[in-house]
Amino acid sequence: MTFAALLTSIIVFGIFYFLVSDGVRIFGKISLKDFFLSTRWYPTYEDAEFGILALLAGTLSVTGLTLAMAIPMGFICAIFLAEFSGKKSHDAIKYIFELMAGIPSVVLGSFGLKYVSRWLMEHFPLQIWTGLNVMNASLMLSVLAMPYFVTLMEDALRAVPIDQKEASLALGANMTGTIFRILLPQARSGILNAIILGTNRVIGETMVVLMIAGGATMIPSSIFDPVRPLTSAIAGEMGEVELGSTHYFALFMIGVVLMVISTAFTLIAMKLKRSKEK
Amino acid sequence: MEDTIFAIDKLNVFYGEKHALKDVTCKISRRKVTAVVGPSGCGKSTFLRTLNRMNDLIASYRHTGSIKLLGKETLTLDPVTLRKQVGMVFQKPNPFPKSIQDNVTYGPRVHGVKNRQRLKEITERSLKQAALWDEVKDELKKNALNLSGGQQQRLCIARALSVEPEVLLLDEPTSALDPIATQKIEKLIEELSERYTIIIVTHNLQQALRISDYLMFFYVGELVEFDATEKITTNPSDPRTSDYLRGIFS
Amino acid sequence: MNVDAIVKIIFAIVSYALIGLILALIGFLIINGLDDISWEFLTTFPSNSMTEGGVWPAIVGTVYFVTVALLFSIPVGILAAIYLSEYSKDTAFRRLILAANNILSGIPSVVFGLFGLSLFSITFGFGTSVLAGGLTLGIMSLPYIISNTHESLIAVPESYREASLALGANKAETTFRIVLPASFSRILTGVIIATGRIIGETAPILFTGAAFYITRNPAGPFEPAMALPTHIFVLSAVYPDNVTPKLEGSISLLLIIVVVLFLLVAIRRKKEMKKLEV
């Protein structure tokens, strides 16, 4: 039984080990600086280059836009659920959000591919040169991310002791003022936790970005540019890569980067939770 | 002849199916201390919370009847305005996790006071009225949660007073405090009653007898007896009241 | 006009609009593919470059993958959770396990894919197989099963344990005969949720177990299999322009399964709530 529990840690370290052992071999062929700072990702060229900066920019841009859309929306829904909605509508809405979280990412990717991209190209007021871009990916990613924000933020609001709400109302403050001046500040750490966990989820998403972020290895200059985030680079190229080739190692190294990022996020969230409990 | 501040007529309160208050009719006098007593579950907290419409927060709450504050019907009034006139202090001290000063100025600010000088004056006045000024006047920026239980409760009183209500509702304000802090607050209540109407719910009969001018005795949702404290204690009209006074009920 | 009323209305509109959009999305995707779902669709192999035929091998493959995954994660997860809730003290070891579990739950799905490839396919030599893919999926579902089981176990009242021990039973007997059965219902709900999550996962099995097209179902766990999510991916990516009917049907099918699983969970939860109220 102890072993079963130990297994989770073994797995975590195992992942690190396997990824790193294959990943670091890339640094035999290319320098650290080139890998992280170059935007030239041309793994299939004769004279292959493996700079992941453009890929990083892809991840950042998609994540950034998704957060910009999903966090405010999630915030509003969370407040509505926590303070304004009646029991029946509350349960119904919550249920739909849970359902939302369960939609397979490949389905969202397919929808974005077939419908959203066409809509963006044909019916959107601006001239766009491809429907597979940061915007498309972010829209679909918001569907995945919002349930996280809504649920966790609602929990954070409900965790504030009810006597704080009563104290404020008893002084003649209205509900809106009470929410923004008393409840939200006290729910701050829970909300931060929600943001961290939601962001982690978005950064790690693969299929949606693989299918609809565009696949172009470039640093986007607008939200309608195509990009290739880190996760989609791995998923897209792994199929064609030769075992043991430099490209193979490069992809594993990207895996290491992703693992480091997500572990960092998780640990930060854990640390914040612990210091709050003090 | 004393001023009536609350005129309550045939008040009935329901939580869903439960009939919590039955046909309560009475007149509460201004600038006096009225204690509300009775065994657990008799409806005294419900009564108190109906006076400032805090019960509105409970989904299954319904009422019939009327409560008039200085002639105006409160049950149909906007609760926000009502609560400016009728303040409340809770059983467990619940200061905001802010500075002492910010706790006291929260109420006035919410009601539109912006002038910093005025806010300072309000802070000083309220803390003095709550007998807390001398202890904290040099530490107004200190976090309220660092105060002792008794100080926190006096801060909550100061906070309630900062909006200059007519009435102060106290819901078992000393039951979470030690005897010395309790004593300080009881003295405070006597002082405050010169300017404010105090209605205090307490399960501590001795406390009620010590500080109140009037006594309301509730039993299973009914207002059994309501009269001057002296009169009730020497000559209660209802047998249930005398039983309670003799300590038969909890 | 009352500030609270205005805020409430605006927030309500936002929340309901979002919910409405999502329901519309799910509804659209399900209904769109409904006319493709026929007995033939469910039981035949795809043919004619995937433009005809059915998804039988994908259904079978999905079942295989999920089964292997659960066969791994349920026993391991339950044992680990039992360890955490019944046997361990608050030591550094326990905190390590909890941290590892947290970290694991945040790791991107494609990183699991790399790990599965590296460990199961290559090092263990399973190649592209149901076993490799299933185990990878199992590792992904492990953290959730552990947390959910852990929560279910600690929700069992302490008085049950005390009563059992007072009768002379030892810890193991108490755990397996009293505590576990008492929490069984919640654990089961957790398993259903976990199933719902991994059924739609693509990245972990993309290069460890899924085949894009096979002519017969795998004869054993060492062969690759098709799967619904990867099938959806292939159909979307390979035929971007014309909306292949089989694609819509597949999406519809997958979504229906997910929705049904969620309904199941919702019904179970309602029953749990009713039980507590009695």
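**Who touches whom**

I started with the chain contacts: 2 pairs of chains touch, and the pair with the most contacts is A and C. This is a predicted model, so I keep in mind that I'm reading a prediction. Next I checked chain B against chain C, and they do not touch. Their nearest C-alpha atoms sit 10 Å apart.

**How sure is the model?**

I looked up the overall scores and found ipTM 0.88 and pTM 0.85. Then I went to chain C on its own, where the mean pLDDT is 85. In chain C, 94% of residues reach 70 or more. Where in chain C is confidence lowest, and where is it highest? I found the low spot in strand E2 of chain C, residues 52-53, with a mean of 68. The high spot is helix H6 of chain C, residues 130-154, at 92.

**What chain C is built from**

I counted up the elements of chain C: 11 helices and 2 strands. Reading from the N terminus, I get α-α-β-β-α-α-α-α-α-α-α-α-α. So that's two helices, then the two strands, then helices to the end of the list.

**Size and packing of chain C**

I took the box along the principal axes, and the C-alpha atoms of chain C fill roughly 70 × 70 × 35 Å. How many of the 278 residues of chain C count as buried? I noted 47%. Last, I looked at contacts in chain C with a separation of 6 or more. Of these, 74% are between residues 24 or more positions apart.

Notes
Residues numbered from 1 in each chain as written. Chains lettered and ligands numbered in written order. Predicted model: local features only at pLDDT ≥ 70, side-chain atom pairs only at ≥ 80, totals over all residues. pLDDT = per-residue confidence, 0-100. Helix = DSSP H or I, 4+ residues; strand = E, 2+ residues; numbered from the N terminus. Contact = placed C-beta atoms within 7 Å. Buried ≥ 20, exposed ≤ 12 C-beta atoms within 10 Å, placed from the backbone.
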